[in-house]
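Consider how charged side chains are arranged in the predicted model below. The text starts with one residue and moves on to its partner, then to other charged groups.

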Amino acid sequence: MPAMPRSPAASPAIEAPSGAASGDAKPASKADLRSAPAKALERMGLDTPLALALHLPLRYEDETKLSTIATLQPGQMAQVEGLIVECRVDFRPRRQLVARLHDDAGDELVLRFVNFYPSHQKTLATGQRVRVRGELRGGFFGREMVHPTFKAVDEHTPLAAALTPVYPAGAQLPQAYLRKAVAAGLARAPLDEVLPASVLPPGLPSLRAALQFLHHPPASASLATLEDHSHPAWQRLKFEELLAQQLSQMQSRRERAQLAAPVMQALPGGLHERLLGVLPWGLTEAQQRVGHEIAADLAKPQPMHRLLQGDVGSGKTVVAALAAAVAMDAGWQCALMAPTEILAEQHFVKLVQWLQPLGITVAWLTGSRKGKGRREMLERVASGEAKLIVGTHAVIQDDVQFARLGLAIVDEQHRFGVAQRLELRRKLRHERGPGGQALEPHLLMMSATPIPRTLAMTYFADLEVSTIDALPPGRTPILTKVFGEGRRDEVMARIAEEVARGRQVYWVCPLIEESEAEGDGRGKPLSELANATDTHQELSDALPGVAVGLIHGRLAPTEKAEVMARFASGQTAVLVATTVIEVGVDVPNASLMVIEHAERFGLAQLHQLRGRVGRGEVASICVLLYSSPLSETGKQRLKAMVETGDGFEIARRDLEIRGPGEFMGARQSGDALLRFADLAEDAPLLARARQAAPWLLDHHPAAARAQVARWLGSKADFLKA
């Protein structure tokens, strides 16, 4: 959840540190007086009653009943109570605290602590009655529990009336402290009902009752329905969250409908028609369909906000070029922004090839372009001489002034931040429409990562979505094979065969050089990982007389361009690369793709990389090299790659494996907008939320605003960009 506005009662009582100095010591500031747990709460964003109330347990412990020691079985989690008959510190085989507990039947249990504090010894003093909970082990000295939870009690201390919650917490946030904080927050949180009963699915509890149940479920509650989130209390939270998200998206769509944008229409015999005439191929039916959808949007006086999605190689660039032709025909400029210089240059080369013979000046703006060349380009953009401007994020820098920007195209939109997309839209704000209203540019976003339907219905409900669902003719299917690292020599031999046939090869590595870090964060030292520089040397040695290129993100832009130009022209037979070649690179003669340590790549990224081959008429192969042991997620990814080449099926499986994640990019600003709902499991709730949202906006606008504020806060803005 986003941080909510602070209030004086937002957090538990502030604790002063023990042993504070007195006398002439400098008084501590208010921040200094907060305890470590209080600071940890704030770091986790748990600084309001509502945030605390919505911090739900990971699991539950049953402290509602006691077991006798004699009935316990090894491996069983249980709670017992009795008297401490001995407590000592042993030093062999290592320093540890050992206590012996006798229950009321006289049976003995050993409590063992390898890590302990003086407070442990105080609570577990001989003669003290304690209640302990842990997993029973059959130790050398009899029954024992290692590091059980424990507390001092007397004969009349009541048992817990509900299951005990275990919350997500940091190292400096003890569960006992967090439980008290959550309970206090739950009691104070504004959880009044803001939704009309008619919009709620039947049989669900109130929001306050749902949260009360989830934080303190009775001992009779079904742990299965709590753990799989199918309990009605969980369903209430999921519906509330999905409804807030749908309300935000639909409100955004309605607000945009009130804005003004340039009206653009293709002219008979104009640039759009002439571009179609010079293309060396005909458009597919899917390209024609999405082209008509975009043209219809451009002809409206409201700003287009459309996502153009299509699988790798489906022909999105030519559709974007035709949309730009409509804008330029109507007297407006068009900007196309790509996330990397390689991809931006790929677009630039294609667009110049298509449009320059038709008299269109295409400007090129990237961060690496400096000096006189950049100044000349900026002048052409500002004067309106350059009708189409292609580049990276440099397109939206402050010194870039457009004469009449009417259409903005953002490729691989999920790789740009919200602020960057908003800045591109603001470049037209000085223009006024016929009624004097400030004009917004039309916005076309493109993605080669197809969006699963449930995700589109959720996070992209404010967008129109156009889908190119067929590949152009001539694309050959790609055979995908999975090899263990032990078959590396076979892969090398296949590379030599492909090169001998006059074909070209990609070899993709996840790292540049071993000195990048001490480890990969997954328990695998870098000495075990392939890297681009070493692999380049290895392939150069194994293929004497063969030109082997190397490209990675640390090369200067001019060096990258030179390497890619040599590979595209066929001068280089093998290209060792990092993921800078993930999108946009088009070399029809490349027939083999090797992805090393494929288990380290995301499924969508693997599919994008695979799409660099199979772009011509030659049968192509993608080899996924992996290192053992494979995680379950790694196995699922590689299995999906072998079983399907359909980008939409890949996207569906990717959503199942890792959730929305990278599909959203910077829309989520680093945090998941859905904390409780599961897009794969909660389609019925999503459908009901989509149905309820427009009715609420029309008939209960105040309730709609309150719902969005409660669940999204400032994050509602990220859904609008």
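R710 is buried, because its relative accessible area of 9% falls under the 20% cut-off. The residue pairs with D192 in a salt bridge, with an N to O distance of 3.5 Å. D192 counts as partly exposed, at 47% relative accessibility. R710 belongs to helix α23 (residues 701–711), while D192 sits in the loop between α5 (175–188) and α6 (207–215), so the salt bridge ties together parts that are 518 residues apart in sequence.

Side chains of opposite charge can pair when their charged atoms come close. In this predicted model there are 32 salt bridges. One of them joins E649 to R653, at 2.9 Å from N to O. Both residues lie in helix α21, 4 residues apart, which is about one turn of the helix. E649 is partly exposed, with a relative accessible area of 21%. Elsewhere, salt bridges with shared partners link E86, R88, D90, R100 and E108 into one network.

A further salt bridge is formed by E490 and R487, whose closest N and O atoms are 3.1 Å apart. E490 is partly exposed at 43% relative accessibility, and R487 is also partly exposed, at 36%.

Charge also appears in a surface patch. E227, D228, D678 and E681 form a negative patch on the surface. Among them, E681 is located in the loop between α21 (647–658) and α22 (683–699). E681 is exposed, because its relative accessible area is 59% and the exposed class begins over 50%.

Note on methods:
Residues are numbered from 1 along each chain as its sequence is written. This is a predicted model: local features need pLDDT of at least 70, side-chain atom pairs count only at pLDDT 80 or more; totals for chains, interfaces and linings use all residues. Side-chain values use heavy atoms; hydrogens and water are left out. Patches are made of residues with over 30% relative accessible area and no salt bridge: like charges are joined within 9 Å, nonpolar side chains (Val, Leu, Ile, Met, Phe, Trp, Tyr) within 5 Å. Accessible areas come from the Shrake-Rupley method with a 1.4 Å probe; for residues, only the protein chains shown count as cover. A salt bridge is a side-chain nitrogen of Lys or Arg within 4 Å of a carboxyl oxygen of Asp or Glu. Lys and Arg count as positive and Asp and Glu as negative; His and the chain ends are not counted. The place of a charge is taken as NZ of Lys, CZ of Arg, CG of Asp or CD of Glu. Helices (H or I, at least four residues) and strands (E, at least two) are DSSP runs, numbered from the N terminus. Buried means under 20% relative accessible area, exposed over 50%, partly exposed in between (1.4 Å probe, protein chains only).
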